[in-house]
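Student: I would like to go through this chain with you, step by step. Could we start with the overall picture and then turn to single residues?

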Amino acid sequence: MPEDVCPVCGKPLAARAGRTGRGSVYCSAACRQKAYRERRQPEGLTVQGLINDIGRQAGRLVPQPADTLYSTVAELSASSRS
């Protein structure tokens, strides 16, 4: 793929005319985040695999102390927003 297009969506990147420093790799923050999530996603992760993983993690939740429960639920919630 040519260097002047976004590797995620194929849209043209912003022109570099007169600017110094590194050029853009992605056309938007959304494409950058999508590429990051795709790089971090384990191979072969399916929807059912994700559901099973969340179920296993939820089954290990411990209600006491409350701050530990809250932080674990927040981590689980963040990991399931892909």
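Tutor: Below are some questions and answers about the fold, the cysteines and a few chosen residues.
This is a predicted model, in which local features need pLDDT of at least 70, side-chain atom pairs count only at pLDDT 80 or more, and totals for chains, interfaces and linings use all residues. Residues are numbered from 1 along each chain as its sequence is written, and side-chain values use heavy atoms, with hydrogens and water left out.

Student: What pattern does the chain follow along the sequence?

Tutor: Helices here are DSSP runs of H or I with at least four residues, strands are runs of E with at least two, and both are numbered from the N terminus. The chain has three helices and zero strands. Read along the sequence, the pattern is α-α-α.

Student: What percentage of the residues in the chain is buried?

Tutor: Buried means under 20% relative accessible area, exposed means over 50%, and partly exposed is in between, with a 1.4 Å probe and protein chains only. The chain exposes about 6,800 Å², and carbon and sulfur atoms supply 55% of that area. Of the 82 residues, the buried share is 7%.

Student: How many disulfides does a search of the whole structure find, and why is C6 not bonded to C31?

Tutor: A disulfide is a covalent bond between the sulfur atoms of two cysteines. The cut-off used here is a pair of cysteine sulfur atoms within 2.5 Å. The closest cysteine sulfur to that of C6 is in C31, too far for a bond at 3.8 Å. The search therefore does not count this pair, and the total for the whole structure is zero.

Student: Which cysteine has the sulfur closest to that of C31?

Tutor: C31 is buried at 10% relative accessible area, and C6 is buried too, at 0%. From the sulfur of C31, the closest cysteine sulfur is 3.7 Å away, too far for a bond, and it belongs to C27.

Student: How far apart in space are the C-alpha atoms of A14 and S24?

Tutor: A14 sits in the segment before helix 1 (29-40) and is partly exposed at 49% relative accessibility. A14 and S24 are 10 residues apart along the chain, and their C-alpha atoms are separated by 7.2 Å.

Student: And where is D53, and how far is it from L76 in space?

Tutor: D53 belongs to helix 2 (residues 47-59) and is partly exposed, with 29% relative accessibility. In sequence, D53 and L76 are 23 residues apart, while C-alpha to C-alpha the distance is 9.9 Å.

Student: Which residues does L61 contact, leaving aside neighbours within four places in sequence?

Tutor: L61 is in the loop between helix 2 and helix 3 (66-79), partly exposed at 28%. Contact means heavy atoms within 4.5 Å. L61 and T72 are 7.3 Å apart, C-alpha to C-alpha. With those neighbours set aside, the contacts of L61 are L69, T72 and V73.

Methods: Areas by Shrake-Rupley, 256 points an atom, 1.4 Å probe, with all protein chains shown as cover.
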